[in-house]
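Open the model in your viewer and keep the sequence panel beside it. This tour tells you what to select at each stop and what you will find there.

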Amino acid sequence: QRTLLMLLVGLGSLLVRRNTTPMNTLALALLVILLYDPLAALSAGFWLSFGAVAAILIVNSGRLGRSSWTGTWLRTQWAVTIGLLPLLLFLFRQFSLISPLANLWAVPWFGLILVPLLLFVVTLLGLLPEWGKPLLDWLGYPLDWTLTGLHWLADWPWAIWQQPEPPLWVWPSALLGSIVLLLPRGTPGRWTSLLLLAPALLIGPQGPAPGEFRLTVLDVGQGNANVVQTQG
């Protein structure tokens, strides 16, 4: 539903031929989705979806010259990886190191082949069920092969970067750093993005002082658990 509303707003802005920027259209899509479902803002997927699209717009809008299809695709993968890094660390305390490699083949495979085929088969099911049903069963095989490949990548020992929760002040710095890093090459001060991103990757939580301890009582539903943390 979120994707459909975003597409409708984007297509609507093209059809009415208003002189607007891609970021304004994205902001309008965000407003429409929140009007339709105000609780969407509590979903991690909401922020990841708009964060990914915003990152793609930053690296592909207002650039001089024309890029090859390959260059645009690689730049888009770079944008999504860097743009979502602070959000993934903030929401999940981890991010995938193999996601660019997985996205490189999984996104076109799903977007250009599997999803269009599925939409065709679902339409066929309503018109000619005797033809649509065998095709729908057959589509299960390439989907299984795709998931097997993704699971194989996810099982690599270095597939995920995980870290404890750093202090709160780290997150605005990391978000600004990712935006600066996505700016065009030659932008003055672009190197400062590495300094802004570094705390999110390197600074861990502050432990108790020497001779003190921190006690956390966890109510897990079926019982209780007590976690005692010292400086070590």
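The stops below go from the whole chain to helix pairs and then to single residues.

**Stop 1: the whole chain**

Start with everything shown as a cartoon. Keep in mind that this is a predicted model. Colour by secondary structure. The protein has eight helices and four strands. Trace the chain from the N terminus, and the elements come in the order α-α-α-α-β-α-α-β-α-α-β-β. The radius of gyration is 22 Å, well over the 17 Å that the globule rule gives for 232 residues, so the protein is more spread out than a compact globule.

Now rotate the view along the principal axes. The C-alpha atoms fill a box of roughly 75 × 50 × 40 Å. Switch to a surface if you like. Of the 232 residues, 25% are buried.

**Stop 2: helices H5 and H6**

Select residues 99–127, which are helix H5. Add residues 129–154, which are helix H6. Two packed helices are described by the angle between their axes and the distance between the axes. Here the angle is about 165° and the axes lie 9 Å apart. H5 is therefore roughly antiparallel to H6, since angles over 145 degrees count as such. The crossing of H5 with H6 is left-handed.

Show side chains where the two helices touch. What kinds of residue make up the contact of H5 with H6: nonpolar, polar or charged? The contact has 22 nonpolar residues, three polar ones and one charged one.

**Stop 3: Ala106, on H5**

Stay on H5 and pick Ala106, which belongs to this helix. Is Ala106 buried or exposed? Ala106 has a relative accessibility of 9%, so it counts as buried, the cut-off being under 20%. Now add Leu147 and draw a distance between the two C-alpha atoms. The separation is 9.6 Å, for residues 41 apart along the chain.

**Stop 4: the salt bridge on H6**

Side chains of opposite charge can pair when their charged atoms come close. How many salt bridges does the structure hold? The structure holds one. To see it, select Lys133 and Asp137 and show both side chains as sticks. Their closest N and O atoms are 3.0 Å apart. Both residues sit in H6, four residues apart, which is about one turn of the helix.

Check the surroundings of each partner. Lys133 is partly exposed, at 44% relative accessibility. Asp137 is also partly exposed, with a relative accessible area of 41%.

**Stop 5: helices H4 and H5**

Next, select residues 69–92, which are helix H4, and bring H5 back into view. The axes of H4 and H5 come within 10 Å and cross at roughly 130°. That angle makes H4 oblique to H5. The H4 and H5 crossing is right-handed.

**Stop 6: Arg93, after H4**

Step to Arg93, in the loop between helix H4 and strand E1 (94–96). Look at the backbone here. Most residues other than glycine have a negative phi, and most peptide bonds are trans. Arg93 is not a glycine, yet its phi is positive, at about 60°. Arg93 is partly exposed, with a relative accessibility of 24%.

**Stop 7: Ile33, on H2**

Finish toward the start of the sequence. Select residues 22–36, which are helix H2, and pick out Ile33 within it. Where does Ile33 stand, buried or exposed? Its relative accessibility is 3%, so Ile33 counts as buried. Add Met6 and draw one more C-alpha distance. Ile33 and Met6 are 27 residues apart along the chain, and their C-alpha atoms are separated by 7.9 Å.

How values were computed:
Residues are numbered from 1 along each chain as its sequence is written. This is a predicted model: local features need pLDDT of at least 70, side-chain atom pairs count only at pLDDT 80 or more; totals for chains, interfaces and linings use all residues. Side-chain values use heavy atoms; hydrogens and water are left out. A salt bridge is a side-chain nitrogen of Lys or Arg within 4 Å of a carboxyl oxygen of Asp or Glu. Helices (H or I, at least four residues) and strands (E, at least two) are DSSP runs, numbered from the N terminus. Buried means under 20% relative accessible area, exposed over 50%, partly exposed in between (1.4 Å probe, protein chains only). Axes are lines fitted to C-alpha atoms, for helices over the stretch in contact, and angles run from 0 to 180 degrees between N-to-C directions. Angles under 35 degrees count as roughly parallel, over 145 as roughly antiparallel, 65 to 115 as roughly perpendicular and the rest as oblique. A crossing is left-handed if the near helix is turned anticlockwise from the far one by less than a right angle, and right-handed if clockwise. Ala, Val, Leu, Ile, Met, Phe, Trp, Tyr, Cys and Pro count as nonpolar, Asp, Glu, Lys and Arg as charged, and the others, Gly among them, as polar. The radius of gyration is taken over C-alpha atoms; the globule rule is 2.2 Å times the number of residues to the power 0.38.
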